[in-house]
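The following report is meant for someone meeting this protein for the first time. It is best read with the sequence and the three-dimensional view side by side.

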Amino acid sequence: MWALPPALVRAASPTSLELRAGVFRQQVMPKGPRTPVWGFNGSVPGPVLRYRRGDQVRMTVVNDLPQETTVHWHGLRIPNAMDGVPFVTQIPIPRGEKFDYAFQVPDSGTFWYHPHQSSFEQVPRGLYGALIVEEDKPIEVDREVLWVLSDFKLQPDNQHVEDFGSVRDFGGIGRIGNVVTLNGRAVGEGSGLEVRSGERIRLRILNAASARIFSLQFLGHWPVVIAFDGQAVEPHTRPSSQLVLGPGMRADLVLDCMKAPGERFSVIDNWEKTSEIAKIVYRDEKPLRTKPLGAPMELEPNALPEPDLRKANEHYILFQGGVVGEPILGMVDGKPTGIYNLLNKHGLAWTMNYTAAHEHALMHQPFLHLTKGEHVVLKMINDTDFIHPMHLHGHLFRVIAVDGKPQKYREWRDTVLMAPKETIDIAFVADNPGEWMFHCHILEHAAGGMMGTIAVE
Ligand SMILES: [Cu+2]
């Protein structure tokens, strides 16, 4: 479990760094052979990149993979040319070559990085890592812990099931692994969070899975959510203390460990069936304090442009498709195509505003044109029978309403879960010029057509 004493929690990564995407073996399962994985700098997850707000960062990505790649800096509001989207913001990095990313880190928070090229294969093979930007004045905690959650789909010999990119995953619920991982290792006996009674932990959680949704519950504890997707939210506990994280989403929690020395509690995921993700193990040690630390939990918010709903323009996005539900008709490469041909001829299953995007054919045909500085309400209408974590690049948005019902926290996010048949209103100011991806972060859905670009010009 990656825990650092507070003194070491200050920014630690060099602002100039080489990130090498390569192939190697890692002991994922407690027993049996190591698993051949793809990862950054020889580990899954890749190195934790840790900066301060305003740092000027330079990252040389070296591609030692058997295919081309890019790196996307998920949640960071950076210039379009650095966004790492193949054929939209850059030519993918060929095998054996490198690309320099350089940008200033604009916001504090918990972010991450991963390829945007063939992400349905490259991410679930292990190419992902956390990128943390410290607040100027961090809240007071005893220590920080990072949990990167994901999964692998492994055979009994610990090798991958080599069915990346199957049409069944594209049109269904995505590639769900049979091995849940925490910081790159299968969850199980070793997944213990050792704590001292009385201590306050800031727990940063990232869901880096390609398709799996987590609904976490900390038995015996009531963690307080202080940020979603890196952005400060009014500190609050979730109903029944359930924290739902779709692919790509992050949460920062404050965990006051107020149970007695020697006690143990499970952290469970009960999204579909209940399973244990980790154990909170209290050391047999004199409590650090007997009442929770009284320090404030509010994070200093980032200076995000506030959308004015009175002058915002409304735009609509209709999502259709999937292998369950109404048959659909969509446009592929400018031609109307029925669901049968969508799937069987093109390997596509989803449409946004009646268009199914080919990964390499979507460039320069944005489905929405916004004027720089425009205040926007996007009404997302999910006409499918599936849940989708929708992710916008280059901007943060406020979640305003769900099925017309105003939201209590109106939280800032870069990825929002859209339940089947649900309508979600998000609002933002389109202030970052360029062509920005807007796509489902179930990476098989994105590859299956559920993506497009929004032009800000
Ligand atoms: Cu989706």
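The report below moves from the chain as a whole to its metal site and then to a few single residues.

## The chain as a whole

What is shown is a predicted model, and the values given here should be read with that in mind. The protein chain holds four helices and 35 strands, and its C-alpha trace extends over about 70 × 55 × 45 Å along the principal axes. A compact globule with 457 residues would have a radius of gyration near 23 Å, and the 21 Å found for the protein chain agrees with that expectation. Of the 457 residues, 60% count as buried. Among the contacts in the protein chain with a separation of 6 or more, 76% are made by residues 24 or more positions apart.

The accessible surface of the protein chain amounts to about 17,600 Å², and carbon and sulfur atoms contribute 53% of that area. The chain carries 46 positive and 53 negative charges, and the mean positions of these two sets lie 4 Å apart.

## The copper site

Which residues coordinate the copper ion? The ion is held by His388 through ND1, by Cys440 through SG and by His445 through ND1, at 2.0 to 2.1 Å. Along the chain, these donors follow the spacing H-x51-C-x4-H. His388 belongs to strand E28 (residues 388-392) while His445 belongs to helix H4 (residues 443-447), so this pair ties together parts that are 57 residues apart in sequence. His388 counts as buried because its relative accessibility is 0%, and His445, with a relative accessible area of 0%, is buried as well.

## An arginine in a loop

Arg212 sits in the loop that runs between strand E14 (200-207) and strand E15 (214-218). Is Arg212 buried or exposed? Its relative accessible area is 15%, and since buried means under 20%, Arg212 is buried. Leaving aside residues up to four places away in sequence, Arg212 touches Asp151, Ile176, Gly177, Val180, Asn207, Leu245, Pro247 and Asp269. Arg238 is 26 residues from Arg212 in sequence, and the C-alpha atoms of Arg212 and Arg238 are 20 Å apart in space.

## Backbone details

Most residues other than glycine have a negative phi, and most peptide bonds are trans. Against that background, the bond joining Val44 and Pro45 is a cis peptide bond, with omega at about -5°, and Pro45 is placed in the loop between strand E3 (35-40) and strand E4 (49-52). Two residues other than glycine with a positive phi are set out in the table below, together with the loops in which they lie.

| Residue | Phi | Loop between | Relative accessibility |
|---|---|---|---|
| Ser241 | near 55° | strand E17 (231-236) and strand E18 (242-245) | 8%, buried |
| Asp403 | near 50° | strand E29 (397-402) and strand E30 (405-406) | 51%, exposed |

Where do these two residues stand with respect to the surface, buried or exposed? Ser241 counts as buried because its relative accessibility is 8%, whereas Asp403, at 51%, counts as exposed.

Note on methods:
Residues are numbered from 1 along each chain as its sequence is written. This is a predicted model: local features need pLDDT of at least 70, side-chain atom pairs count only at pLDDT 80 or more; totals for chains, interfaces and linings use all residues. Side-chain values use heavy atoms; hydrogens and water are left out. Donors are N, O and S atoms within 2.8 Å of the metal (3.2 Å for Na, K and Ca); water is not among the atoms, so sites may look incomplete. Buried means under 20% relative accessible area, exposed over 50%, partly exposed in between (1.4 Å probe, protein chains only). The radius of gyration is taken over C-alpha atoms; the globule rule is 2.2 Å times the number of residues to the power 0.38. Contact means heavy atoms within 4.5 Å. Accessible areas come from the Shrake-Rupley method with a 1.4 Å probe; for residues, only the protein chains shown count as cover. Lys and Arg count as positive and Asp and Glu as negative; His and the chain ends are not counted. The place of a charge is taken as NZ of Lys, CZ of Arg, CG of Asp or CD of Glu.
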